[in-house]
Amino acid sequence: MSTDKNDTVLVISAHAADFVWRAGGAIALYHSRGCHVRVLCLSYGERGESQKLWREPGMTIERVKQARRLEAERAAEVLGAEIRCFDAGDYPLKPTDELLDELVQEFRRLQPTIVLTHAPNDPYNGDHPETARLALNARVYAQAMGYPSEHKHLGAPPVFHFEPHQPEMCDFKPQVLLDITSVFDRKRKAMECMEAQEHLWEYYTQLALRRGTQAVRNSGRKEIRYAEAYQRTYPQVTDQFS
Ligand SMILES: [Zn+2]
């Protein structure tokens, strides 16, 4: 990934917590460099990723959504990102024309230089690949000069897919290992905002340690302790191999 402090990062997350587990380190890292980071949260994960809340007697869909929204907002604040929640529903996430158009306009308004979203495959959760598909389509439509918008068309920001929960089953290859050692304490604090999924705090801490070990093995940089893995869809364009 680039390290330009003028970078603008757009993160498109299916559910309230996905951006925290999978890209919280990247968000905090870019925020620490003075970059603008915006998270689009398409739904709250109220049906599919809120099991603990549903065990409480008398729980309602509106209370679950409210709880997940507050958690996501607190986590985004810890990471240094602004957040917009769409309430597009989950299980299934509904890819309406209005939602797609609003994502295109987000790309046009923000003009991101880096895009983070889900991996294209996930047999455990159809909302994740649906979000990846929406994000990739919105990016491509935002590039088209003929697409109606008051904002100028988009360049070609690189897309990095964040790591799914069971990467081997999603054909996910960790092509990019991002050193998040300097901001891991903020990622952990953000994870701890997601009280409805406390069982994942330690899981994603251990994953960051494993990816950190792999980052050392692949770079020789022994100071790396924590990392996040990403996969690319489009080729890296460069004038020097790195
Ligand atoms: Zn999710």
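In this predicted model, the largest cavity holds about 80 Å³ of space. Its lining is made up of Trp21, Arg22, Glu163, Lys187, Tyr204, Leu207, Ala208, Arg211, Ala227, Glu228 and Ala229. Three elements, α1, α7 (201-219) and β7 (227-232), each give two or more residues to this lining. Helix α7 makes the largest contribution, with 4 residues. By class, the lining of the largest cavity comprises 6 nonpolar and 5 charged residues, with no polar ones.

The largest cavity has company, as the structure holds 2 cavities of 30 Å³ or more. The second largest cavity encloses about 40 Å³ of space. Around this second space sit Arg22, His118, Ala119, Asn121, Asp122, His128, Phe162, Glu163 and Pro164. Here the lining is evenly divided, with 3 nonpolar, 3 polar and 3 charged residues. Readers following along in the structure may like to start from Arg22 and Glu163, since both names appear in the lining of the largest cavity and again in that of the second largest cavity.

His128, one of the residues lining the second largest cavity, leads on to the metal site. The zinc ion is coordinated by His15 through ND1, by Asp18 and Glu49 through two side-chain oxygens each, and by His128 through NE2, at 2.1 to 2.7 Å. The arrangement is irregular because the angles subtended by the 6 donor atoms run from 51 to 164 degrees; an octahedral site would need opposite donors over 155 degrees apart and all other angles between 65 and 115 degrees. Along the chain, the donors are spaced as H-x2-D-x30-E-x78-H. Asp18 belongs to helix α1 and His128 to helix α5 (residues 127-143), so this pair ties together parts that are 110 residues apart in sequence. Both Asp18 and His128 are buried.

Another of the zinc ligands, Glu49, also helps to shape an open space. The second largest pocket contains about 380 Å³ of space. Its lining has 22 residues, of which Gly48, Glu49, His165, Gln197 and Leu200 are the closest to the centre of the pocket. Helices α1 (18-32) and α2 (51-54) each supply at least two residues of this lining, and the largest share, 3 residues, comes from α1. Helix α1 thus deserves a second look, because the zinc ligand Asp18 also lies in this helix, and α1 is likewise among the elements that give two or more residues to the lining of the largest cavity. The residues lining the second largest pocket fall into 6 nonpolar, 9 polar and 7 charged.

Finally, the cysteines can be considered. The structure holds 0 disulfides. Cys170 is in no disulfide, and the nearest cysteine sulfur, that of Cys41, is 19 Å away. Cys170 is also buried, with a relative accessible area of 2%. What is the closest cysteine sulfur to that of Cys193? It is again the sulfur of Cys41, at 13 Å, which is too far for a bond, because a disulfide requires two cysteine sulfur atoms within 2.5 Å. Cys193 counts as buried as well, at 10% relative accessibility, given that the buried class covers values under 20%.

Notes:
Residues numbered from 1 in each chain as written. Predicted model: local features only at pLDDT ≥ 70, side-chain atom pairs only at ≥ 80, totals over all residues. Heavy atoms only, no water. Buried < 20%, exposed > 50% of the residue type's maximum accessible area, 1.4 Å probe, protein only. 1 Å grid on protein atoms, 1.4 Å probe; cavity = no way out; pocket = protein on both sides within 12 Å on 5 of 7 lines; lining within 4 Å. Points joined across faces, edges and corners; volume = space filled by probe spheres on them. Nonpolar A, V, L, I, M, F, W, Y, C, P; charged D, E, K, R; others polar. Donors = N, O, S within 2.8 Å, 3.2 Å for Na, K, Ca; no water. Tetrahedral: all angles 85-135°; square planar, octahedral: opposite > 155°, others 65-115°.
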